Amino acid sequence: MPFIEIIDCVSDEEKREVATRSMTEALCGAYEIKPEIVTCYYFCLPDYSYGHAGKHGKNAEKFRVFVKVHAFPRPQALKQKAATALTEALVAAYGAAPKDVIVYFIDRDPSDAFHGGTASA
């Protein structure tokens, strides 16, 4: 914990390698944690499997990169620091515009996390 879910439409492994390294460094820097506890999961959407503002596929706006950070609760200031660093990492890795990188924080109570069947709390 934490783990990061990335929804993209890129199957370029080189970009994902850069993104994984950069996001891990960004989150570790913001949260002052070790990289050994950060995991990234990628979900790739096929071309035109996206809709926004009531428009789908080719008619929709440019695809956005969505990121969900599942972690134990952190203060708002640390989340802001992490969001900025994650956005910068994904802009660099994907060549995306900052406005096309969306980051959500999903706080998890330590008592709700189990590793190997054992509660983290």
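Visitor: Is Asp 8 buried or exposed?
Guide: Asp 8 has a relative accessible area of 0% in this predicted model. Buried means under 20% relative accessible area, so Asp 8 counts as buried.

Visitor: Which residue forms a salt bridge with Asp 8?
Guide: Side chains of opposite charge can pair when their charged atoms come close. For Asp 8, the closest N and O atoms of the salt bridge are 2.7 Å apart. The partner is at 11% relative accessibility and counts as buried. That partner is Arg 16.

Visitor: How many residues apart in sequence are the parts that Lys 68 and Glu 5 tie together?
Guide: The side chains of Lys 68 and Glu 5 meet in a salt bridge, 3.6 Å from N to O. Lys 68 lies in strand 5 (residues 65–71) and Glu 5 in strand 1, so the pair links parts whose separation in sequence is 63 residues.

Visitor: In the salt bridge of Lys 99 with Asp 100, what is the distance between the closest N and O atoms?
Guide: Lys 99, at 62% relative accessibility, counts as exposed. Asp 100 is buried, with a relative accessible area of 5%. In their salt bridge the closest N and O atoms are apart by 3.5 Å.

Visitor: Which residues form a negative surface patch?
Guide: One member, Asp 12, lies in the loop between strand 1 (3–8) and helix 1 (13–31). Asp 12 is at 35% relative accessibility and so counts as partly exposed. The patch is formed by Asp 12, Glu 13, Glu 14 and Glu 17.

Note on methods: Residues numbered from 1 in each chain as written. Predicted model: local features only at pLDDT ≥ 70, side-chain atom pairs only at ≥ 80, totals over all residues. Heavy atoms only, no water. Patch = residues over 30% accessible without salt bridge, like charges linked within 9 Å, V, L, I, M, F, W, Y side chains within 5 Å. Areas by Shrake-Rupley, 256 points an atom, 1.4 Å probe, with all protein chains shown as cover. Salt bridge = Lys/Arg side-chain N within 4 Å of Asp/Glu carboxyl O. Lys, Arg positive; Asp, Glu negative; His and termini not counted. Charge placed at Lys NZ, Arg CZ, Asp CG, Glu CD. Helix = DSSP H or I, 4+ residues; strand = E, 2+ residues; numbered from the N terminus. Buried < 20%, exposed > 50% of the residue type's maximum accessible area, 1.4 Å probe, protein only.
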